[in-house]
Amino acid sequence: MKERYDVLIIGGGVVGSAVAREMARYQLKIGVLEKELDVCYETSGRNSAVLHGGFAYDPGTKKAECCVEGCLEFDAVAKELDVPFKRTGKVLVGNTGEDLASLKRTLETGRINGSRGLEIIGEKRLHELVPAVIGNFALYSPNSGILDPFQYTIALAENAKKNGVDYYFDHEVTGIRRLPDQAYELSTAQGSFLTRWVVNSAGLGCGKISEMLGIPGYRIDGSKGDYIVLDKRVGPLLPMPVYPVPSNTYMGIHVTPTVDGNVTVGPNAEYVDDFTYYGVPQKSMDYLAQSASTLWPHIRTSDYIRNYSGILPKWLDENGVVQDFVIEARDEAPHTINLVGIESPGLTGALPIARRAVRLMAERETLYPNASFNPRREGIIRFSEQNDERKAQLIRENPDYGELVCRCERVTKAELLQAVHNPLGVHTMAGIKYRTRSMMGRCQGGYCQMRVARMICEETGCDIRDVLYARAGSSLFTGRVRE
Ligand SMILES: Cc1cc2nc3c(=O)[nH]c(=O)nc-3n(C[C@H](O)[C@H](O)[C@H](O)COP(=O)(O)OP(=O)(O)OC[C@H]3O[C@@H](n4cnc5c(N)ncnc54)[C@H](O)[C@@H]3O)c2cc1C
């Protein structure tokens, strides 16, 4: 039997980590049980990375409220957590009379939701904003933006950890039992944990955890979206995300600049039963490219550097209709906060969702502020983004800043060493990649991957055969061919 907690959070994605961080503002002993080896291996690291403006959701829904709240506060959040973010604006492009009517309805929905600055713009203004875009008019949302979903999720988790939250990786919750003294016992292959409160923020696993808590009946369907990542060469040609006219349930295939200067193309939407398969078939990439080329003409196979996919956990009612976020505390499962169906805009709305979870708890017991809570977190300084004077100063202070390890993304040894010694204790290759951008450039690690693997071994004392790419069992090396 392991330690006893006030709160155990199941799932350490962007929502679970936001909940952990917001609960750490109070005098509570908090733990996060995460089945993967890092915080952003599931949906939180597999999305469009857009800070949504809040016009695509029905008024009065939690999706609309959390999205608008999360969007408006993000400048301050990004500063506090030291994460990259750009309020680029975004356009939804149309061509026909039907498109115009639909965009006008979307604008009206946005106004009711509190989304700021929305306007319909004509062709001239549209082309001033995004010169290459193909379209006659657009709904322009100046408040939408782009962020780094890996850095954001990691930052929330690191800040939670710094404020006393315990993170347990490779801890999949397989059973939950309510004990006679009102506590819960959570079982994992690594042992059991006791806790007074349980938070279900298990993403794609939310239906299963809900059932374990004694709240059956949530049907979770997975909607898989594939993406292509384009080389930074085309980044300057796309100043903001360009979307088609959305339907009620789907935003459509769009092109999106990343905060680091790449462009992503996607996603399609396909209902899937397997929540573990993230492969991207060629026919899907062809379809994405063909569809997005009707909006933006710069998609060429020679610029493809990677693909990825993500799966949205959609809560559907008995008629198959997609429902709102569930943020609930139910009597039949006392002392639990159940977060179900946190699909898009869960990235934008993570902190507002977390605050609502805390509010539900505070309505049921007195929470005492944690006087030592510090909301600030410092990330790893990106050497390549500093001016010459600062670069020289950094090298003087630490010569490891003078050694480039990843040539494409210009990541230095000093940054990689900080990443290997990250506060969450993550030592996978993907963990280092998401913290530094090494292996994310044009060569996708062809040059630096082996160097990073060696660095992990040298710093942690592990054998090269124990270095994992991301998940349990994802060994990169099986042995030596030459001693
Ligand atoms: C294609 C796509 C595009 C999207 N685009 C956007 C966008 O542009 N903007 C936006 O705001 N949102 C977007 N989203 C939505 C957003 O990514 C999600 O809403 C958000 O990441 C959900 O976070 P989460 O923490 O709930 O889920 P996750 O990140 O999936 O975290 C849940 C965690 O729970 C863990 N877990 C599951 N079961 C167990 C268990 N039994 N025991 C222990 N741990 C467990 C998982 O390993 C996982 O790490 C998009 C999503 C997709 C798929």
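Which atom of the ligand lies 3.5 Å from a backbone N or O atom of Pro345? In this predicted model, the partner of the Pro345 backbone atom is an oxygen atom of the ligand. Taken alone, the ligand exposes 1,000 Å², and 97% of that is buried by the protein. Helix H1 (14-23) and strand S18 (304-316) are the elements that give two or more residues to the surrounding shell. By class, this shell has 15 nonpolar, 16 polar and seven charged residues. Of the 38 residues around the ligand, those that come nearest are Glu34, Ser44, Val50, Val173 and Thr348. A polar side-chain atom of Ser44 lies 2.5 Å from a ligand oxygen atom, and a backbone N or O atom of Val15 lies 3.0 Å from an oxygen atom of the ligand.

Ten aromatic pairs are found in a search of the whole structure. Tyr41 and Tyr434 form an edge-to-face pair, with 6.4 Å between centres and 65 degrees between the planes. Tyr41 lies in the loop between strand S2 (30-33) and strand S3 (50-51), and Tyr434 in helix H11 (residues 429-436), so the pair ties together parts 393 residues apart in sequence. Tyr41 counts as buried because its relative accessibility is 4%, under the 20% limit. Tyr434, at 14% relative accessibility, also counts as buried.

Phe383 and Tyr401 form a stacked pair, 5.7 Å centre to centre, with 20 degrees between the planes. Both residues of this pair, Phe383 and Tyr401, are buried. A single aromatic cluster is formed by Tyr5, Tyr168 and Phe193.

Charged residues also lie over aromatic rings. The charged end of Lys90 sits over the ring of Tyr243, 3.7 Å from its centre, and Arg451 lies over the face of Tyr447, at 4.2 Å from the ring centre.

How values were computed
Residues are numbered from 1 along each chain as its sequence is written. This is a predicted model: local features need pLDDT of at least 70, side-chain atom pairs count only at pLDDT 80 or more; totals for chains, interfaces and linings use all residues. Side-chain values use heavy atoms; hydrogens and water are left out. A residue is near a molecule or strand if one of its heavy atoms lies within 4 Å of it. A polar contact is a pair of N or O atoms within 3.5 Å; within protein, one must be able to donate a hydrogen and the other to accept it, and residues adjacent in sequence count only if both atoms are side-chain atoms. Accessible areas come from the Shrake-Rupley method with a 1.4 Å probe; for residues, only the protein chains shown count as cover. Helices (H or I, at least four residues) and strands (E, at least two) are DSSP runs, numbered from the N terminus. Ala, Val, Leu, Ile, Met, Phe, Trp, Tyr, Cys and Pro count as nonpolar, Asp, Glu, Lys and Arg as charged, and the others, Gly among them, as polar. Rings of Phe, Tyr and Trp (its six-membered ring) pair if their centres lie within 6.5 Å; planes under 30 degrees apart count as stacked, over 60 as edge-to-face and the rest as tilted. Buried means under 20% relative accessible area, exposed over 50%, partly exposed in between (1.4 Å probe, protein chains only). A charge sits over a ring if NZ of Lys or CZ of Arg is within 6 Å of the ring centre and within 35 degrees of the ring normal.
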